[in-house]
Amino acid sequence: MAHPGTLPVINYDAVRKVLSVGVALGATLADYTEFDRKNYFYPDIPKGYQISQYAYPLVRGGSLRGIDITRIHLEEDTARSQHTSTSLSANSGGVSLVDYNRAGLPLMELVTEPVIHNAETAGAFARELQLLLRCLGAGDANMEKGEMRVEANISVAPQGSTLDQDPSRLNLKLGTKVEVKNLNSFRSVERAIAYEIKRQIGVIESGGHVVQETRGWDEAKQSTFPQRKKESSEGYRYFPEPDLPKLIISEIPELAHELLAKNLPELPSARRERYVLLGISNDDAEMYVRSKELGAFFDVFSKQAKNPNSVLLGSNYLTSDVTGMLEKNEMSAEWLTESNAKRFARAIQLVSDGILSSRGAKNTLILMLTDARDPESIAKDGGLIQQSDPKQLTEAVSRVIEANPSVVADYRAGKEASLQFLVGQGMKETKGAANPTLLREEFKKALSY
């Protein structure tokens, strides 16, 4: 807020985290870096300049999800502006509020190359960036809390407009750039970009010229609106920040590339690849990558599983039945523990060994949510152990046949589908404990007389 006598301080942890992001992206880390003053007046910067980085960013290059990165630098965050609906368009009055609580906090800014060509790709990139930041512990990156924001620079040009005849180089002749500021949800990112592309094309096709400016996004109207004319880099009058020292990264051993790389966790892309190699579907792998708790639970379970088939079987139960049960009972965080993952592995082994049927497994899992005992004990006490005793199956088949004479008559008249109904009734009769394959054979045997 530019209080007299206050001086800035470089945040060591913020520098380390930005460099770690650079390592994760396969980028080039700076050896020499400095901070600059970016001069402009706006209510969110009352001192008239922002401390940022211009010529010497911390990170250059790299890529994420196939999108090339230009640079990553560190700067101070601005205040948060809020505008009433009546002040969304120029000269319409209304009220603007400015919240300075986050002003001056370290903010990482990542800039991509102009290689994103549609709203969907931009949205996917932003989601992957959020996932990476959380994986690295660089920030919670909750968009709804303003901890991560997307500013989309959008331009359009006639198709085929390139400065280079080699299309593989994608050296595009870019149109006039418009920046849509502070998009705070992935849905807003995609909708604002799609809207702005359509708007700019309309302006050009009607004979007008796109104005370089900053625009906001009105969620209620689903449209962008002008905020201020966009300055060029020359207009910001960058010069080195006199109150901060230059940084020589190589003089700080803890920030060495090799050490940062050694301390990186398993990255989302590597986790996806590992899960897919286990035979897990892409959708299930994505669930484990995006949910820290669910992914950790699956990792413990998969190490306990006895064979690849058990891993796949367990994954199917986990992503369908277990997650549904936990969501219904609002207990995901407290149940997805290491000990429960090991119990889950034992339950899946009961299914693999033919001790539990599919229905018996589901009922056992439901009981496991509130019963901390071994799954086999739970299944035994609940009468869920799969019945393979011929005598018990014969008795259950006899009761079902006696209770459904019309269905029996249909089957004997040639309606094969009736057999499935009888098997279903047999499973109900045994409370899901019967071996369905043996039960089906027992029905065929009984009905052949």
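Modeller: Before we start on the sheets, one term: two strands count as paired when DSSP finds at least two bridges between them. Also keep in mind that this is a predicted model.

Colleague: Thanks! Which strands pair in the parallel sense over two bridges?

Modeller: In general, strands of a sheet pair through backbone hydrogen bonds, either parallel or antiparallel. Here, strand E12 (residues 178–183) and strand E13 (residues 213–218) run parallel and are joined by two bridges. Look for Glu179, which stands opposite Thr214 in E13.

Colleague: What is the order of the open sheet of four strands?

Modeller: The order is E11-E12-E13-E14, and the pairing is mixed. Strand E11 (150–154) and strand E14 (223–229) each have a single partner strand, so one side of each is left without a neighbour in the sheet. From one strand to the next, the twist averages 30 degrees.

Colleague: Which helix lies across E11, E12, E13 and E14?

Modeller: That is helix H3 (residues 186–205), which runs at about 160 degrees to E12. A salt bridge connects this helix with the sheet: the side chains of Arg215 and Glu196 meet at 3.7 Å, N to O. Arg215 sits in strand E13 and Glu196 in helix H3, 19 residues apart. Arg215 and Glu196 are both buried.

Colleague: How many salt bridges does the structure hold?

Modeller: There are 28 salt bridges in the structure. One of them joins Arg65 to Glu128, with the closest N and O atoms 3.2 Å apart. This pair links distant parts of the chain, 63 residues apart: Arg65 is in the loop between strand E6 (63–64) and strand E7 (67–76), while Glu128 is in helix H2 (residues 119–136).

Colleague: Is Glu128 buried or exposed?

Modeller: Buried means under 20% relative accessible area. Glu128 has 5%, so Glu128 is buried. Its partner Arg65, at 49% relative accessibility, counts as partly exposed.

Colleague: Which residue forms a salt bridge with Asp77?

Modeller: Arg102 does, and the closest N and O atoms are 3.5 Å apart. Arg102 lies in the loop between strand E9 (96–99) and strand E10 (106–112), and Asp77 in the loop between E7 and strand E8 (80–83), so the pair ties together parts that are 25 residues apart in sequence. Both Arg102 and Asp77 are buried.

Colleague: Now a helix. What should the twelve residues of helix H16 span at 1.5 Å a residue?

Modeller: Helix H16 (residues 436–447) should span 16 Å, and its end C-alpha atoms are 16 Å apart, which agrees.

Colleague: Which residues of H16 are buried?

Modeller: They are Leu439, Glu442, Phe443 and Leu447. Viewed down the axis of H16, these buried residues fall within an arc of 120 degrees, so they line one face of the helix. The general idea is that an α-helix has 3.6 residues a turn, so residues three or four places apart point the same way. In this model, the buried residues of H16 pack against helix H13 (390–403), helix H14 (405–412) and helix H15 (417–429).

Colleague: One last sheet. In which order do three strands form an open sheet?

Modeller: The order is E4-E3-E15, with antiparallel pairing. Strand E4 (49–52) and strand E15 (239–240) are the edge strands, each pairing on one side only. Strand E3 (residues 36–39) and E15 run antiparallel and are joined by two bridges. To find one of these contacts in the viewer, start from Asp36, whose bridge partner in E15 is Pro240.

Terms used: Residues are numbered from 1 along each chain as its sequence is written. This is a predicted model: local features need pLDDT of at least 70, side-chain atom pairs count only at pLDDT 80 or more; totals for chains, interfaces and linings use all residues. Side-chain values use heavy atoms; hydrogens and water are left out. Axes are lines fitted to C-alpha atoms, for helices over the stretch in contact, and angles run from 0 to 180 degrees between N-to-C directions. Contact means heavy atoms within 4.5 Å. The expected span of a helix is 1.5 Å times one less than its number of residues. Buried means under 20% relative accessible area, exposed over 50%, partly exposed in between (1.4 Å probe, protein chains only). The arc is that of the directions from the helix axis to the C-beta atoms. A salt bridge is a side-chain nitrogen of Lys or Arg within 4 Å of a carboxyl oxygen of Asp or Glu.
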